[in-house]
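User: Could you walk me through this structure step by step? I'm new to this, so please take it slowly.

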Amino acid sequence: MALFENYDRRIGKINAVLAQHGLESVEQCRELCKEKGFDPYEIAKGIQPICFENVCWAYCVGAAIALKAGAKNAEEAARYIG
């Protein structure tokens, strides 16, 4: 299912990055965040209701990568996310 614009063209590269961090899918990224008590997807939509789906999923992926890396604060998370 296409979750965001140009999904078919982008998902291969996204999945490759996820695999480097022990993650399997963008959906799993969102679930990991929810397990930790927050939902980056809903936060993005709440701040900017008309944002592109790419934004929502990018925040989920970035947050999940930071969580998997053990980031303790926003500064550390930003370093892991790039």
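Analyst: We will start with the overall fold, then turn to a pocket and to a few single residues. Please keep in mind that this is a predicted model.

User: OK, how many helices and strands are there in the chain?

Analyst: The chain has five helices and zero strands, and when you read the elements from the N terminus on, they run α-α-α-α-α.

User: And how compact is the chain?

Analyst: Its radius of gyration is 12 Å, which is close to the 12 Å that the globule rule gives for 82 residues, so the chain is as compact as a globular protein of that length. If you look along the principal axes, the C-alpha trace spans about 30 × 30 × 20 Å.

User: What share of the residues is buried?

Analyst: Buried residues account for 34% of the 82 residues in the chain. As for the outside, the accessible surface comes to about 5,400 Å², and 55% of that surface belongs to carbon and sulfur atoms.

User: What about contacts between residues that are far apart in sequence?

Analyst: If we take the contacts between residues at least 6 apart in sequence, 45% of them join residues at least 24 apart.

User: Switching topic: what is the volume of the largest pocket?

Analyst: The largest pocket has a volume of about 180 Å³. Its lining includes Phe4, Arg10, Lys13, Trp57 and Ile65, and helix H1 (7-20) and helix H4 (53-69) each supply at least two of the lining residues.

User: How do the lining residues divide into nonpolar, polar and charged?

Analyst: Nine of the residues that line the largest pocket are nonpolar, one is polar and two are charged.

User: Now a single residue: where is Pro40, and is it buried or exposed?

Analyst: Pro40 lies in helix H3, which covers residues 40-47. Buried here means under 20% relative accessible area, and Pro40 counts as buried because its relative accessibility is 6%.

User: Which residues is Pro40 in contact with?

Analyst: Once its neighbours within four places in sequence are left aside, Pro40 is in contact with Cys33, Tyr59, Cys60 and Ala63. There is also a distance you can check yourself, since the C-alpha atoms of Pro40 and Ala64 are separated by 9.4 Å, with their positions 24 residues apart along the chain.

User: And Asp39, where is that one?

Analyst: Asp39 sits in the loop between helix H2 (26-35) and H3. Asp39 is buried too, with a relative accessible area of 12%, and beyond its neighbours within four places in sequence it is in contact with Arg30 and Lys34.

User: Last one: what is phi of Asn6 near?

Analyst: Phi of Asn6 is near 60°, which is a positive value in a residue other than glycine. Asn6 belongs to the segment before H1, and with a relative accessible area of 34% this residue is partly exposed.

Definitions and conventions: Residues numbered from 1 in each chain as written. Predicted model: local features only at pLDDT ≥ 70, side-chain atom pairs only at ≥ 80, totals over all residues. Heavy atoms only, no water. 1 Å grid on protein atoms, 1.4 Å probe; cavity = no way out; pocket = protein on both sides within 12 Å on 5 of 7 lines; lining within 4 Å. Points joined across faces, edges and corners; volume = space filled by probe spheres on them. Helix = DSSP H or I, 4+ residues; strand = E, 2+ residues; numbered from the N terminus. Nonpolar A, V, L, I, M, F, W, Y, C, P; charged D, E, K, R; others polar. Rg over C-alpha atoms; globule rule 2.2 N^0.38 Å. Buried < 20%, exposed > 50% of the residue type's maximum accessible area, 1.4 Å probe, protein only. Contact = heavy atoms within 4.5 Å. Areas by Shrake-Rupley, 256 points an atom, 1.4 Å probe, with all protein chains shown as cover.
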